[in-house]
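Here are a few short exercises to work through with the structure open beside you. Try each task before you read its solution.

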Amino acid sequence: MTLQIKDMTLDKVAIGPVAARVYQGAEYSKSPPVLIYFHGGAFQGTVPQESEFAHLIAETGAIVVMPDYNVPLGSVFPKPLETGFSIFSYLAKKRAGLGNRKSLLLVGGVEAGGNIAAAVALKARDHFADELDGQILLSPLLDPFMGSASFQKAGEFGMKDIWADGWSHYLSTGMCHPYAAPCMCSRLTGVAPALVLSSQDDPLKDETLGFATCLKNAGVEVHQHVLPAGTGWPSLYGGKTDETPSWQETVSTQFSGFVQSVSVH
């Protein structure tokens, strides 16, 4: 599918204009899913010039909106969440401007962006419960204590110090609200259905799957998949692999299946 990629400004968002990169197929369905996708970068990154995940999802027929969420208000909690939630609120009211009022509205993200997506889903539950159709969590960075067994692999990928610095930056106001660290939230009932993805060699695997378990225990519909080691999945957030990346087809299939599942509810 031929993709259209364009930079635009969401100029009617409550917190002020937000720059965003929008991916969509030249041929998409009448009511395409709309995914607000939060990029990674250890809470300090900006919109990457290229996002393979955004490409993949747009190729399934969705519209992907990737906002520069750290810029308008800053990158220290709760500012990125405020920006992300304002974008969600705007598109919840104006989704017809990108797709159709019947389009599914999803939030998602990788690494720190997965944290923001999970937090937006929590806040959406509290304020716009019927407007969010699902959340896509790709190896989300959720645990500021960084104590899981799988996290010990972070040093192998050169990410341990980066993530430690990122958490120190994000929580530098001294706040550790459940919106800042969703894995610490004790009230998950009513959160939007989730697609949770990780891999066997992912340093964030344990906190990713731990959060998925908490969601399921709270009665949330969860679709989860763990890719085998060596697929290149850690490269999504900066890790390296000697193998040729081979996670793309699985991710596309998992996303399409998730969309089909939530669309029947």
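**Exercise 1.** Which glycine just after α5 takes a positive phi?

*Solution.* The model is a predicted one. Begin at helix α5, which covers residues 205-217. Then move just past the helix: glycine 219 has a positive phi of about 85°.

**Exercise 2.** Find how far helix α5 reaches, and work out what its buried residues pack against.

*Solution.* Start with the length: α5 has 13 residues and spans 18 Å from its first C-alpha to its last. That is close to the 18 Å expected at 1.5 Å a residue. Next, pick out the buried positions, taking buried as under 20% relative accessible area. These are Lys205, Glu207, Thr208, Phe211, Ala212 and Leu215. Finally, look at their partners: the buried residues of α5 pack against helix α3 and against β6 (134-138), β7 (194-199) and β8 (222-227).

**Exercise 3.** Describe the largest pocket by volume and lining.

*Solution.* Its volume is about 270 Å³. Of the 21 lining residues, Gly40, Val110, Ser235, Leu236 and Tyr237 are the closest to the centre of this pocket. Sorted by class, the lining holds 11 nonpolar, seven polar and three charged residues.

**Exercise 4.** Do the same for the second largest pocket, and name the helix that gives the largest share of its lining.

*Solution.* The second largest pocket holds about 190 Å³ of space. Its lining has 14 residues, with Ala129, Asp130, Leu132, Asp133 and Pro193 nearest the centre. By class there are nine nonpolar, two polar and three charged residues. Helix α3 (residues 112-127) supplies the largest share, three residues. You have already met α3, as a packing partner of the buried residues of α5.

Definitions and conventions
Residues numbered from 1 in each chain as written. Predicted model: local features only at pLDDT ≥ 70, side-chain atom pairs only at ≥ 80, totals over all residues. Heavy atoms only, no water. 1 Å grid on protein atoms, 1.4 Å probe; cavity = no way out; pocket = protein on both sides within 12 Å on 5 of 7 lines; lining within 4 Å. Points joined across faces, edges and corners; volume = space filled by probe spheres on them. Nonpolar A, V, L, I, M, F, W, Y, C, P; charged D, E, K, R; others polar. Helix = DSSP H or I, 4+ residues; strand = E, 2+ residues; numbered from the N terminus. Expected span 1.5 Å × (residues − 1). Buried < 20%, exposed > 50% of the residue type's maximum accessible area, 1.4 Å probe, protein only. Contact = heavy atoms within 4.5 Å.
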